[in-house]
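Reader: I am new to this structure and would like a close look at a single part, the open sheet. Please take me through its strands slowly, pairing by pairing.

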Amino acid sequence: MTEQRTVHNPPSTSSPPRLAVEPMRVADIPEVLRIERASFPTPWSEVGYRRELTRNEFAHYFVLRLYPKRSRKRRGWPPLLTRQPGEIIGYTGYWLIADEAHITTLAVAPAWRRHGLGEWLLVHLLRDAIRRGASVATLEVRVSNRAAQRLYWKYHFERVGMRRRYYADGEDAILMTLTGLNSPEYRAFLAERRRALAEQLGQVFRLDEPQNEGQ
Ligand SMILES: CC(C)(COP(=O)(O)OP(=O)(O)OC[C@H]1O[C@@H](n2cnc3c(N)ncnc32)[C@H](O)[C@@H]1OP(=O)(O)O)[C@@H](O)C(=O)NCCC(=O)NCCS
């Protein structure tokens with residue numbers, strides 16, 4: 001069937017939604033907390049995030065923000081660009097102490113999981129940590145959290161110990177470590193993962209970073 005067109009009501013064209021990893025700001029905390037509460041049995045508080053962002057000199061936090069399609073309605077001149085604020089769909093953060101990057105959090109909003117976005121955030125975090133001089137990455141993960149453990153295994157983290165009753169609800173944590181973060185081999189691995197993810201995500205989103213950037 002042919003689309004009906006009139007001079008006064010032409011179809012709109014649009015570009016794909018833009019996906020950006022940006023530094024987390026205090027103003028982002030309410031949106032972050034919505035994902036936090038949907039993701040963790042013992043979520044961090046508003047005060048906790050505020051302290052991380054304003055008082056912790058070792059902390060580096062990022063949000064994954066989705067900017068909606070820009071629709072260009074070709075009525076008149078100049079074209080009308082409808083601008084809406086971006087929505088936060090994930091976040092991550094770490095502390096950099098000497099050469100150790102300690103990953104403190106990573107979450108993707110439930111509706112957006114299993115599309116490579118957790119990986120995209122983790123790759124961004126690891127690259128940022130390498131740029132700032134990290135050679136080791138560490139983290140704790142709940143023993144029951146198989147999804148996150150699989151993600152970390154995929155990025156060559158190894159289980160190095162347990163922390164008994166680490167979480168406020170009494171669950172144990174597995175301590176995982178990744179060494180050789182800044183080795184040429186690991187940097188090449190990360191660059192290749194990033195390239196593959198950019199190709200996959202680039203089919204749906206406009207990515208705000210150069211896709212062929214190496215390590
Ligand atoms: C962990 C989490 C961030 C993963 O985000 P995501 O966007 O769904 O993950 P991705 O789509 O990028 O998946 C990357 C890899 O993670 C692993 N993974 C993610 N979800 C998984 C699941 N439900 N089951 C098994 N493996 C899973 C897989 O290894 C996957 O690689 P694959 O696609 O080649 O199998 C997300 O599940 C989440 O926010 N969970 C709640 C918060 C949390 O537990 N954070 C970790 C704290 S330590």
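Author: Strand S2 (residues 18–23) and strand S3 (residues 59–67) run antiparallel and are joined by six bridges, where strands are DSSP runs of E with at least two residues and helices are runs of H or I with at least four, both numbered from the N terminus, and where two strands pair if DSSP finds at least two bridges between them. This is a predicted model, in which local features need pLDDT of at least 70 and side-chain atom pairs count only at pLDDT 80 or more, while totals for chains, interfaces and linings use all residues. Residues are numbered from 1 along each chain as its sequence is written.

Within the pairing of S2 and S3, Val21 stands opposite Leu64 of S3, and Leu64 in turn stands opposite Gly90, a residue of S6. That second contact belongs to the antiparallel pairing of S3 with strand S6 (residues 87–97), which eight bridges hold together.

Seen as a whole, the sheet is open and has eight strands with mixed pairing, in the order S9-S10-S8-S7-S6-S3-S2-S11. Strand S9 (158–163) and strand S11 (206–207) stand at its edges with a single partner strand each, and therefore one side of each is left without a neighbour in the sheet. For S9, five bridges make an antiparallel pairing with strand S10 (residues 173–179), and here Arg163 has Ala173 of S10 as its bridge partner.
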